[in-house]
4 protein chains.
Amino acid sequence: MRVSLVGGSGYAGGELIRLLLGHPQVEIDQITSESRVGEYVYQAHPNLRKQTALQFTALDQLRPCDLLFLALPHGEAQKRIAQFAALAPRMIDLSADFRLRDPARYEQWYHKPHAAPEWLAQFVYGLPELHRADLQAARYASGVGCNATAGLFALLPLQRAGLIDTEKPIVIDIKVGSSEGGNAPSLASHHPERSGSVRSFAPTGHRHTAEIVQETGLANVHLSITSVELVRGVLATAHVWLKAGASEKDLWKAYRAFAKDEPFVRIVKDKTGIHRYPDPKILAGANFVDIGFELDEATGRAVSLCALDNLMKGAAGSAVQAMNLMCGFPETTALGFSGLHPL
Amino acid sequence: MRVSLVGGSGYAGGELIRLLLGHPQVEIDQITSESRVGEYVYQAHPNLRKQTALQFTALDQLRPCDLLFLALPHGEAQKRIAQFAALAPRMIDLSADFRLRDPARYEQWYHKPHAAPEWLAQFVYGLPELHRADLQAARYASGVGCNATAGLFALLPLQRAGLIDTEKPIVIDIKVGSSEGGNAPSLASHHPERSGSVRSFAPTGHRHTAEIVQETGLANVHLSITSVELVRGVLATAHVWLKAGASEKDLWKAYRAFAKDEPFVRIVKDKTGIHRYPDPKILAGANFVDIGFELDEATGRAVSLCALDNLMKGAAGSAVQAMNLMCGFPETTALGFSGLHPL
Amino acid sequence: MRVSLVGGSGYAGGELIRLLLGHPQVEIDQITSESRVGEYVYQAHPNLRKQTALQFTALDQLRPCDLLFLALPHGEAQKRIAQFAALAPRMIDLSADFRLRDPARYEQWYHKPHAAPEWLAQFVYGLPELHRADLQAARYASGVGCNATAGLFALLPLQRAGLIDTEKPIVIDIKVGSSEGGNAPSLASHHPERSGSVRSFAPTGHRHTAEIVQETGLANVHLSITSVELVRGVLATAHVWLKAGASEKDLWKAYRAFAKDEPFVRIVKDKTGIHRYPDPKILAGANFVDIGFELDEATGRAVSLCALDNLMKGAAGSAVQAMNLMCGFPETTALGFSGLHPL
Amino acid sequence: MRVSLVGGSGYAGGELIRLLLGHPQVEIDQITSESRVGEYVYQAHPNLRKQTALQFTALDQLRPCDLLFLALPHGEAQKRIAQFAALAPRMIDLSADFRLRDPARYEQWYHKPHAAPEWLAQFVYGLPELHRADLQAARYASGVGCNATAGLFALLPLQRAGLIDTEKPIVIDIKVGSSEGGNAPSLASHHPERSGSVRSFAPTGHRHTAEIVQETGLANVHLSITSVELVRGVLATAHVWLKAGASEKDLWKAYRAFAKDEPFVRIVKDKTGIHRYPDPKILAGANFVDIGFELDEATGRAVSLCALDNLMKGAAGSAVQAMNLMCGFPETTALGFSGLHPL
């Protein structure tokens, strides 16, 4: 299958290229980057030196292909989605443009009207664990918000089991690394400033809230995002009050049911050792999403934890997993890297 | 004034020594460390090389002095508090032994009975911003829990202004550095493991909850502690629901009232720049406690933030500030270091 | 092929297991660890959770197999090498025990006599780029010293081209991460101490000097090792004086000749961009060795650079590459991971 | 004394302001910053919040004062030095503009002619340990190069004692943090790129070589600079061959003689413990320069180590120390901060 990538010089684009180069059913045809036309791919993604001879091309030289990945800055894909659709029967857009189904919700969180609202219904939210069957039948899939994905996996086991007391607020306190901000330098990302900081990036109002609300139907969800010293990785710490009587056993049952048939979901909850709960540290490059929990029986508060790599399960990894489903490849193809320890 | 320090080879002890060496009214008489008897102080605290010729002595060689700092591991001071009291008219204990007033609460959180419950009432909780007048009259003061201190300063401005809806749960999600764990190495603190980790250290059940409950009277407080890549520093992110109608203006008023006369409390809430909220990164070595907030008017959630250095305002800094009050010295003596930027 | 691993709970052991799990021709039979008998492999190597159901076994339960990897602490394998040889026709020892050919040199650098000197001649130094043909015929191979490997690759292109002025001293200043020290915690590796340190670990006298001298024949080689903030990775900065008249062109020729047919050797020397020279940062988990240089024509000093992952090309990666050669598998099997960017 | 600072929004400027605010004999009159006119000083230097009410002013509003610090980008001060001299009887320039005495050497290393060569002879190189008497009599002093300072202190003890074999090359391999690069963001300083990198920043040709050659008279000096994960700090590892027969005792004597009367020079060379050699980690904010050595008697190589904080002893600290000398204040005034441990 011939695949092209629009906007491939960013970090998520780089991960996508790395994964696709290892995919036996896929051949990368073109990768565009307006700012790097003619440069070798390894100049933007130095880990790919000697791995590919591909060079970046201009957007207006894009040829038809079998599947098109879009990795443009938020707001760009929606402006020419019809144009892209004319080039490929299948598309996966990693930006935030086609994740929300409701144009009103899009406008509420992104503060301007959507430029192609009629296309929203054609996209499936690209999280296989939520929309596997839909993706198998889909032509168009969105990517996922990295923080949204972490928040979702922290809530879904509890929600599916009907354990959440929805009267009480759900607080999701999310810790993130610097690669979430993309590859454009600024004073905020300047190493002497960013290094070692614990920066309250979005105490309230983070846009990924909209994805969590859409995909869970839970209204009472409150996010805060804090940047910590880390390049890759997200940890979502969800504080959830449970219905009266919910026990540790009920939670184990809920998490096990959720993870059982999922190739990329792992429960991390050990009684001993130093890896007793999910930690993004060991997930760099892996497509796993690690979940765990601790229940405070005295107060009914469950702390549900989810760790993932924002560039993998929170972006390129989920996108390739979605592609595998859309194209009938085995779902885990090209996603076998286990992550490194120590790192 | 001649001051001695029991248990001075740990990190908080080192900070205490650094501060006392710069205190014009204080002369350090003795510093004990059972494991380092005869060693120079700079061998444990390399920043003090060429700053002092003091050597560690054994506990049983302790002489009477004017004020005794205790920096023993939790549980040790209570076993021989009467002995220590015989040596000095004033004592400040940095451990957790004398922070809680109620022996029952102590037993509930520390899982064993207190060894000297009759002494609890004689200690003042050593946070000057809460107990200034009491400290001025006190002979004995406790230290403060670093996470408790961060949590307290996140809640107090809102509580004093009567803004908190106490029906709703208060979630305090705290991010901490590795120096909180003290100076005893373990696999958990082994650099290849600890470096870059985002470790859910205490999702529920952290003991400092007891101090926050005692000092605020708020019952519905829920802590989670996460270790991040950082040596010094604490950031408390408190998620607090406010009474209906509370506005941004009300919050500004509350924080300003709280910080107004406090030499070490700063409000950090800027509209622009990269230091818009409190960040422990710039507080290493300083006694400041930085507070700030963001209000989500749509949901009534206030995110109240507090950053501090766990070894300073969360330990040695508050202890010296308490000493200054107890001894009638100007409150800010020896605490003037502003912190470094960048770091 | 059935492979077992003696001493598999350390960091190099973990990487070896990760690689072998992805090797199509290999099945892991047993992994021993005296301190973790009965534990699951993922308890020591958390990245392997859900990747293998293997448990650690005791050394005395070791069965015969087709190839035995030894990853014991230095000094242990030599004590019972005959015993191990009875279990498997092929062995690869990752420790320092069988890297040096000359027992006298071993004693000089390791400060005690070798316990099995008669075995030294039977081992091939396990660096495929130096001993490819020998390895193809070998039954026994040693591992490589991580710093030695970095130093070797910095010198070899220049040496092979006959460019080095051997009268002048060769200084190799090596920067290393904390995983080099293994997984035993100590005060030196305690996170608050090790984090951010620039520690002169071995200004002179590092044992890996012996390997470089043996494998290059250069006598005038001087190492210094400095630990920097990094978990994985080595950068060797070799300061080498060249014979009069050596030009930039000569060096390019030398490096290209060296790298030409090597699947894991990359030249990194770009005129622009931020990845102009080898940097271990992007090599975590990859088997690449990146080399580059800068020539100061005015003084005749060449600075030759080599970056690698100490746990991969400097340990487990080279060992698997050696195994592939010894067993007739394609040399790059299971070593295809490209490394991550950013990280 | 009324002091003003030209170009005070950079990192060295920030440190200078921090020090001057704590100087009992100094009052800061004005601080200029063309890009931040009207902003509060704490907006650029967040550690100074609540420490000063000063605002940045424009250069053309500069008033006469008693001493003028210049902290402009390299190349700027020389263009209008006469103008500045008209405003103040004393000047200290932190840039590289007036460090070299010989205009030809300036042109050789900075690749353009000096714009005010006639002023070069009027400036004293601002390192008190080298030019104490000259500074006491000086009206104008230059700042120091941070890497040059580290290299100088690594060589000076050996050179003064006449121990160096000047026939052999001297290699100074320097490890530096990210604050050396200043506060202008770029892709090179973008956190996901810079974090964890071991980047060969200047394998050859670093300009600070010129300062070392000028101040030591040693011609055969070769620098390489490597950026490591660190914000503040420099470690110089100097590889120096000694004259035949030089012993460990000779070196101790040399270092002790050098450090004896210097308030800011410490010898760090312990047989045990984890702080056996100089490490910049514990020097952040301190004006100390830590020196140490290891001698390889078999080869005659001494590895001489020097650690310092590039923003303090390598910039603002030395500048304030020079000011103290020029103005007759006690030399250590405002420079008493000991540094922090752990950090």
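Visitor: How many residues of chain B are in contact with chain C?

Guide: The model is predicted. Two residues are in contact if their C-beta atoms, placed from the backbone, lie within 7 Å. On the chain C side, 14 residues take part. The number for chain B is 14 residues.

Visitor: Which helix gives the most to the side of chain B that touches chain C?

Guide: The side of chain B that touches chain C has five nonpolar, eight polar and one charged residue. Three of the residues on this side come from one helix, residues 191-194 of chain B. That helix, which gives the most, is α7.

Visitor: What relation do chain B and chain C have to each other?

Guide: Chain B is superposed on chain C by a rotation of 180 degrees, with 0.0 Å of shift along the axis and an RMSD of 0.0 Å. The interface residues of chain B are, at 100%, also interface residues in chain C, so the copies meet through the same surface. The rotation and shift give the relation of a two-fold axis.

Visitor: Which residue of chain A comes closest to the rotation axis?

Guide: The axis belongs to the turn of 180 degrees that lays chain A on chain B, with a shift of 0.0 Å along it and an RMSD of 0.0 Å. The closest C-alpha of chain A lies at 2.7 Å from the axis. It belongs to Glu229(A).

Visitor: Which element supplies the largest share of the side of chain A that touches chain B?

Guide: This contact takes 41 residues from chain A and 41 residues from chain B. Several elements of chain A supply at least two residues each, including β8 (170-176), β10 (221-227) and β14 (301-308). The largest share is four residues, and it comes from β11(A).

Visitor: How many charged residues are on the side of chain A that touches chain B?

Guide: Sorted by class, this side has 18 nonpolar and 12 polar residues. The charged residues number 11.

Visitor: Which strands stand at the edges of the open sheet in chain A?

Guide: The sheet has seven strands with mixed pairing, in the order β9-β10-β8-β11-β14-β13-β12. A strand at the edge has a single partner strand, so one of its sides is left without a neighbour in the sheet. The two edge strands are β9 and β12 of chain A.

Visitor: Which residue stands opposite Ala202(A)?

Guide: Strands of a sheet pair through backbone hydrogen bonds. Here β9(A) and β10(A) run antiparallel and are joined by three bridges. Opposite Ala202(A), in β10(A), stands Ile225(A).

Methods. Residues are numbered from 1 along each chain as its sequence is written. Chains are lettered from A and ligands numbered from 1 in the order in which they are written. This is a predicted model: local features need pLDDT of at least 70, side-chain atom pairs count only at pLDDT 80 or more; totals for chains, interfaces and linings use all residues. Ala, Val, Leu, Ile, Met, Phe, Trp, Tyr, Cys and Pro count as nonpolar, Asp, Glu, Lys and Arg as charged, and the others, Gly among them, as polar. Two strands pair if DSSP finds at least two bridges between them. Copies are superposed by least squares on the C-alpha atoms of residues with pLDDT of at least 70 in both.
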